[in-house]
Amino acid sequence: MNEYDSSRMAGLMKKAYGLRLVASPEDADVLLLNTCSVREKAEEKVYSELGRFRKIKKDRPDIIIGVGGCVAQQEGERIQKRAPYVDLVFGTQTYHKLPELVNQIRRERVNITALDMPEIEKFDHLPQPEAKGISAFVTIMEGCDKFCTYCVVPYTRGHEISRPVEDVLAECRCLLAQGVVEITLLGQNVNSYKFTLGNGTVCDFASLLYQVAELDGLKRLRFTTSHPLDMSENMIRAFVEIPELMPFLHLPVQSGSDRILKRMHRGHKRAQYLETIEALRKARPDIALSSDFIVGFPGETEADFEQTLDLVRQIGFDSAYCFKYSPRPHTPATRMKETVSEEVKDERLQRLLALMREQSQQALKAQLNKTVEVLVERRSRTREDMQGRTPDFKIVHFTGKPRLLGQLMPVHITKAYGQSLRGEPILA
Ligand code: SAH
Ligand code: SF4
């Protein structure tokens, strides 16, 4: 999501002032730091990065430094108190005003904090997106109304708002016209997408998927993130009926214990999650699954944690993001008394990661000797190679030429590495 936002910011500055991206902060006239505050670690990085910016400004006092995104939204003027060389603090919903704000700073050399949260008017003010490569993100909704007790997102990104269907389709068309063939629809909870059309009918997420899939030039469609509570039957059907919709689903569950799920305010039980997965696998047997987990949530006992391990074993995930619980400002979980010690969090994280590594390895090894369809996305870091993804999102390296970019090609899988595959392209 931040990557998407950053690229839109770059687009705005280019259109307004002809500014272009440079390779290193030392060369920039305007330094914008787009920030994440979902866990404390990400937030700490902001200040260490700002320390680096400060040195640059010492040599070149005319440069403008701006901090945007979730930490900016959360901390506001406190950022300039701690780092007075920051000229501009802008929130998650104000970045469309960047050109105007930067101009004001240039003229008046004032410090500005812009944190209002108007109803995602920002999208109405952004220039057309510029494609970078053959795969692109498109934000379809912003914010979140779920208020999980550990999560800062509803406070930093605001209420849930869906973009108009026509705007989403127009953005997709614009990217497809530039050679994009894969689109990933983005939002905190894409499957609670809801937009009421002029005639009163409601377009939900499943219906949006069908419409995007129809667009000319689209080969692959993906989305992230979705919430277990909003996994409608229509969505499951979409996995069967839409050939462009790839068989991969990131569906965060956070914990396998009902007690913890309740304390997290996730709104569903373990059994419901398992039922959803079962229905999905019945509908689309080749679907690969990934998830997010938090270990050491306040009150999590060894028995609760074992429930999480058990759920992981029962389902079998291709991959997962596993986090230690991190207390965030404003969130109800920070007031819960039964905290888990750092040692126990560490230990649980290691156990969960070990199990996940095992499962990822299994998922990769299961591809050996199969022929899979790979969308060629980029050159590998190793020079001679190209790299792409299977329908179920596994990375495949193979020997090939850059002219294959954007093409779908059959690849015979010969090797499974730690996190990716190698194969031989089958040339027609
Ligand atoms: N909207 C998505 C994900 C939002 S944040 C969802 O609900 O699934 C991405 C992930 O960060 C979450 O799924 C969660 O696993 C993790 N996360 C969020 N807040 C956290 C916190 N306070 N401590 C540790 N992990 C957290
Ligand atoms: Fe955060 Fe929960 Fe909303 Fe996801 S659903 S963004 S975890 S509050």
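Trainee: Which residue in S18 is the bridge partner of Glu373?
Mentor: This is a predicted model in which local features need pLDDT of at least 70 and side-chain atom pairs count only at pLDDT 80 or more, while totals for chains, interfaces and linings use all residues. Residues are numbered from 1 along each chain as its sequence is written, chains are lettered from A and ligands numbered from 1 in the order in which they are written, and side-chain values use heavy atoms, with hydrogens and water left out. Strands (E, at least two residues) and helices (H or I, at least four) are DSSP runs numbered from the N terminus. In S18, the bridge partner of Glu373 is Pro410.

Trainee: How many bridges join S15 to S18?
Mentor: Strand S15 covers residues 371-379 and runs antiparallel to S18. Two strands pair if DSSP finds at least two bridges between them. Here, the number of bridges joining S15 to S18 is five.

Trainee: And on to S19: which residue there is the bridge partner of Ala416?
Mentor: S18 (residues 408-416) and S19 (residues 421-425) run antiparallel and are joined by five bridges. They form a hairpin with four residues between them. One facing couple is Val411 and Pro425. For Ala416, the partner in S19 is Leu421.

Trainee: In what order do the five strands close into a barrel?
Mentor: We have just met S15, S18 and S19, which are among the barrel strands. The pairing in this barrel is mixed, and neighbouring strands are turned by 55° against each other on average, direction ignored. Such angles run from 0 to 180 degrees between N-to-C directions, with axes fitted to C-alpha atoms, for helices over the stretch in contact. The strand order is S15-S16-S17-S19-S18.

Trainee: There is also an open sheet of three strands; which are its edge strands?
Mentor: This sheet has the order S5-S8-S11, with parallel pairing. An edge strand pairs on one side only, which here picks out S5 (135-139) and S11 (220-224).

Trainee: By what angle are neighbouring strands of this open sheet turned against each other on average?
Mentor: S5 and S8 (residues 182-186) run parallel and are joined by five bridges. Within this pairing, Ala136 stands opposite Ile183 in S8. With direction ignored, the average turn between neighbouring strands of the sheet is 25°.

Trainee: Which helix packs on the sheet by touching S8 and S11?
Mentor: Take H7 before that: H7 packs on the sheet and touches S5 and S8, where contact means heavy atoms within 4.5 Å. The direction of H7 makes about 165° with that of S5. The helix you ask about covers residues 205-213 and makes about 150° with the direction of S11, and its name is H8.

Trainee: Are H11 and H12 roughly parallel or roughly antiparallel to each other?
Mentor: The axes of H11 (residues 270-283) and H12 come within 11 Å and cross at roughly 10°. Angles under 35 degrees count as roughly parallel, over 145 as roughly antiparallel, 65 to 115 as roughly perpendicular and the rest as oblique. H11 and H12 are therefore roughly parallel.

Trainee: How many residues in the contact of H11 with H12 are charged?
Mentor: H11 brings Arg270, Tyr273, Leu274, Ile277 and Arg281, and these meet Gln307, Asp310, Leu311, Gln314 and Ile315 of H12. Ala, Val, Leu, Ile, Met, Phe, Trp, Tyr, Cys and Pro count as nonpolar, Asp, Glu, Lys and Arg as charged, and the others, Gly among them, as polar. Besides five nonpolar and two polar residues, the number of charged ones is three.

Trainee: How many charged residues are in the contact of H12 with H13?
Mentor: The axes of H12 (residues 302-315) and H13 (residues 342-365) come within 11 Å and cross at roughly 10°, which means that H12 is roughly parallel to H13. Among the H12 residues that meet H13 are Phe305 and Leu309, and the H13 side includes Leu352 and Leu355. Alongside six nonpolar and one polar residue, the charged ones number five.

Trainee: Which residue is joined to Thr224 by a cis peptide bond?
Mentor: Omega of this bond is about 0°. The partner lies in the loop between S11 and H9 (233-241). That residue is Thr225.

Trainee: What is the phi of Arg109?
Mentor: Arg109 sits in the loop between H5 (98-108) and S4 (112-114). Although Arg109 is not a glycine, its phi is positive, at about 50°.
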